[in-house]
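Colleague: I am new to reading protein models. Could you walk me through a few features, step by step?

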Amino acid sequence: MTDTAGLAMEAADLGRRFGRARLSPAWALRGCAFQLPAGRVCAVVGHNGAGKSTLLALAAGLLVPTEGTIRVLGTDPASARARVGFVSQEKPLYPQLTIAETLRMGADLNPDHWDAATGERIVADGDLDPKSRIRALSGGQRTRVALALALAKRPDLLLLDEPMADLDPLARHELMGVLMSQAAQHGTTIVMSSHVVAELEGSCDHLLLIGAGRVRLSGEIDDVLTAHARLSGPAGTPLAPHTVIESRTTGRQLTALVRKSGPLPTDLHPATPSLEELVLGYLRNPGTSVTTTSPSEKAAA
Amino acid sequence: MTALSVSVNTGHPTSPRLLRWLVRLHRPALWSWLGIVVVLSGALLWLGGPLTDASAAAWRQFNACGMGTCHYDQDSITRYKDAYNYLTYAVLVVPFAVAAWAGGSLVGREMESGTAQLAWTQGVSPTRWLATKLAAPAVLVAAGTGLLALLHHWAWSAGEGRIDTTKPWSSFETFYANGPVPVALALTGLAGGALIGLIARRSLAALVGGLCFTAFAWSATQLAMPHLWPTATSVTSLRHNGPSGAGITLSSGLLTSGGDRIADPYCGSDLSLQCKDLYTSLDAVSFYKDYHPESHFWPLQLMASGVLLVLAALLTLAVFRLLKHRTAS
């Protein structure tokens, strides 16, 4: 039995299919199992269409699983609704409302747990006039309002689907800072999806790599990185018993990314890969078998 | 651990103020609805009052005329007729407008733009969101349409016996605009539009779908309506030109001496020898007619409204089931 109290998110055999069962079954997500301890900043990484948005929508209770279960904050997504913040990729907002009205709506729809000051500050930091209508805002400004709405809810779990996609680098940096301080101050668990790995390195401490609708890799980023090695050496060197994620032979030179099992051959100059190398290695090779590192080791610690 | 600086209400949980935002987001629709109801009500009062009086006076002038030249107010008569016809159509169009709005704006647009998901990720469950979205408009739609149908009935009956060309109670448009059927149809349109909006997830498609659905529901009502209450049968002597009994006719013909019903050859009264011979050869003894007399107006209206309300209830159930099936509620 795992201690589920400290988990922000937990999926077991989670699957979601779109379309008719008989005509064109398309599994957006299938057989997903992972655990995300509370208080982490988790990066959900994968190709476009890998199932990241589906996973976040399932966690937010906007979709129901076709099979398996997902639990958030120790309960089902419907019961956790009041404690979960969500910003979807499209950042939908009511175009006819002003920014101030949008935040007032947030206050009215989230009674008992609304932090008006936080919402107003995030909006003010973007030099936005609270009286301007949503329809007059640029994509990036809209993202800021959507984040203000989600953060003012003071959620225990914040789900962000491609939150930074249409922000300029300066705003991206600043809002990432807002998110990180939120996580640090209030212990909010943040789960954000992105296909820009560089954006996540340095701010996230947990990784959930999704490929072709399955969890390919899940765990603390440090653990995941040290469990893998980048090798380079003469071609033909046997790599067993290590699991080869990616290998390339150029002339007589072999470079490989492996998941370690046991001591590494020193003649292959083992080095710890960067997060980007690791993620790209997995994404480029969707055929590699599913590997999952247990997050509970750290959760228990 | 969390929310140290938030003013946490430790009493029993406050419920989200959803209605206020429903009104704010659909303010243009709310004002339009109030405008439509006020304008049509005013027009119906004008129709049943001054227009009816003027037309009735003109008819009195006309009926007092002898064989020579006649001076009467023809304009008042046509003005009444035109106003009556347009207002009857206006009352009947209301359910279509409601369905189009429910499909296109109330639900379809929110599904298309993703703002429904925005609401569902606040502290509001999808079920509660839908319940507010259906209940509040249902009250306004029922009140508004009910008022219009009531005023239409009043305006129609004001002309009865005073204006020679008043539409009979059984005239198609008059029959439907005079009772609770438009109210029930508008509520069915609301539920049907919402369901289509949730399925189509696109504003324009749901608007068109809502209109088509209402047209279908109304056509079905028209087909079913005469069969929703037992008919009266009149038996008339062959001396007359045909069967008697004014109202909504279902079938008519001839009765044989054995009691069988046969088709009417439309010959006319047996005062004509030719027809008398024909009836004798057919062994016909009288005309018959299965029909709804005016006393069946309310039973027919109430039965048709009841059927529509059952349909509306089933559709409402279907919307909730679909939403529950799709989202975590």
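**Two helices and their surroundings**

Modeller: Happily! Keep in mind that this model is predicted. Let us start with a pair of helices: helix 7 of chain B passes helix 10 of chain B in a left-handed crossing.

Colleague: At what angle do helix 7 of chain B and helix 10 of chain B pack?

Modeller: Helix 7 covers residues 181-200 of chain B and helix 10 covers residues 297-326 of chain B; the angle is about 20°, and their axes lie 8 Å apart. Angles under 35 degrees count as roughly parallel, so helix 7 of chain B is roughly parallel to helix 10 of chain B.

Colleague: Which classes of residue make up the contact of helix 7 of chain B with helix 10 of chain B?

Modeller: There are 19 nonpolar residues, five polar ones and one charged.

Colleague: Let us pick one residue, B:Thr188. Is B:Thr188 buried or exposed?

Modeller: Buried means under 20% relative accessible area. B:Thr188 has 0% relative accessibility, so it counts as buried. This residue sits in helix 7 of chain B.

Colleague: Which residues does B:Thr188 touch, leaving out those up to four places away in sequence?

Modeller: Its partners are B:Phe213, B:Leu308, B:Leu311, B:Ala312 and B:Leu315.

Colleague: Now the wider view: what domains does the assignment give for chain B?

Modeller: Domain 1 is made of 29-60 + 73-228 + 297-326, and domain 2 is 232-296. Taken over C-alpha atoms, the centres of domain 1 and domain 2 of chain B are 39 Å apart. Their contact takes 12 residues from domain 1 of chain B and nine residues from domain 2 of chain B.

Key: Residues are numbered from 1 along each chain as its sequence is written. Chains are lettered from A and ligands numbered from 1 in the order in which they are written. This is a predicted model: local features need pLDDT of at least 70, side-chain atom pairs count only at pLDDT 80 or more; totals for chains, interfaces and linings use all residues. Side-chain values use heavy atoms; hydrogens and water are left out. Axes are lines fitted to C-alpha atoms, for helices over the stretch in contact, and angles run from 0 to 180 degrees between N-to-C directions. Helices (H or I, at least four residues) and strands (E, at least two) are DSSP runs, numbered from the N terminus. Angles under 35 degrees count as roughly parallel, over 145 as roughly antiparallel, 65 to 115 as roughly perpendicular and the rest as oblique. A crossing is left-handed if the near helix is turned anticlockwise from the far one by less than a right angle, and right-handed if clockwise. Ala, Val, Leu, Ile, Met, Phe, Trp, Tyr, Cys and Pro count as nonpolar, Asp, Glu, Lys and Arg as charged, and the others, Gly among them, as polar. Buried means under 20% relative accessible area, exposed over 50%, partly exposed in between (1.4 Å probe, protein chains only). Contact means heavy atoms within 4.5 Å. Domain bounds come from an automatic or database domain assignment.
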